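Q: Could we go through this model together, starting with one residue's surroundings and then moving on to the packing and the surface?

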Amino acid sequence: MQAMLFPMELSLHMVLIVVVGVFLASFVDGVAGGGGIISVPTYFLAGLPAHLALGTNKLSACIGTVVSAGRFVRSGYVDWKLGIPSIALALAGAHLGTRLQLALDERYLKWLLLIVLPVVAVVVLRQRTFPEERGDIAPVRQTGIVLTASLIVGAYDGFYGPGTGTFLLLIFCSLGKMDLRTASGNVKLVNLASNVGSLFTSLLHGKVFIVLGLIGAVASVAGHYIGAGLAIKDGSRIVRPVVLTVLGLLAARVIYELIV
């Protein structure tokens, strides 16, 4: 148990990076979404190896997602006929995705992340509009689209993660013809399930820095609370500079480690 709580030495430098980075990630997520492209790099910048960074991020992400998912459930913005099987498929997909991630050598994983990060950033940072009303689609077709997306994107979330909510929302609204509020509620359920599936698998393999992840979770809750509560005019302007800065720092660190 001690090894799971402290798989490596915990330093003040590490804690400060995680608190600031995860807080910014959750604040950005509250303002405009896409905070995952900051939170994952934050754990890398704190000095965690690739597998440990991804697993630890899932711990803090799980706690934050529980809060937001609960809000949508209480408000009635969940289609449970689609939600229940989606949860099962997301759990399975995340488990498989995480096992694949853990099977990869960390050096190859870092190269892959350097390729994936810019692509995810472009998708997340694009301006998007979503429908307020449900579109015209056959129930069988909608079910097939939503369940397939839950499995595939759930596997991606287990393997890497950032942009998962955005990808799901785009698919649920654009292809599945769900209205924005219901799609958002179902996305939160799927995202929570994939986070849990990935976290459980990472815990089984000892790839979670539990103490640091819990510290990050506190920062995440605070960031979400402030980001959602502040009515800042054009507050989304901070998103791009923060995201690009963090991605630049991560790229520099990873390239340095790969060369050295």
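**Contacts, cores and a patch**

A: This is a predicted model, and a good place to begin is N186, which touches Y77, V78, D79, L82, G83, F172 and M178 once residues up to four places away in sequence are left out of the count.

Q: OK, and where does N186 sit?
A: N186 is found in helix α9, which covers residues 180-204.

Q: Is N186 buried or exposed, and why?
A: N186 counts as buried because its relative accessibility is 1%, and the cut-off for buried is under 20%.

Q: Switching to the packing, which residues touch the most other members in the largest nonpolar core?
A: Those are Y43, F44, L48, Y160 and L212, in a core that has 25 residues. At least two residues of this core come from each of α2 (12-32), α3 (36-45), α4 (50-75), α6 (106-125), α7 (139-159) and α10.

Q: Which of those helices gives the most to this core?
A: That is α6, which contributes five residues.

Q: And what about the second core?
A: The second core is separate and has 14 residues, V146, V153, L168 and C173 among them.

Q: Now the surface: which residues make the nonpolar patch?
A: I63, L214 and V221 form a nonpolar surface patch of about 220 Å². Of these, V221 belongs to helix α10, residues 210-229, the helix that also supplies at least two residues of the largest nonpolar core.

Q: How does V221 count in terms of exposure, and why?
A: V221 counts as partly exposed, because its relative accessibility is 39%, which falls between the limits of 20% for buried and 50% for exposed.

Terms used
Residues numbered from 1 in each chain as written. Predicted model: local features only at pLDDT ≥ 70, side-chain atom pairs only at ≥ 80, totals over all residues. Heavy atoms only, no water. Patch = residues over 30% accessible without salt bridge, like charges linked within 9 Å, V, L, I, M, F, W, Y side chains within 5 Å. Areas by Shrake-Rupley, 256 points an atom, 1.4 Å probe, with all protein chains shown as cover. Salt bridge = Lys/Arg side-chain N within 4 Å of Asp/Glu carboxyl O. Helix = DSSP H or I, 4+ residues; strand = E, 2+ residues; numbered from the N terminus. Buried < 20%, exposed > 50% of the residue type's maximum accessible area, 1.4 Å probe, protein only. Contact = heavy atoms within 4.5 Å. Core = buried A, V, L, I, M, F, W, Y, C linked by side-chain atoms within 4.5 Å.
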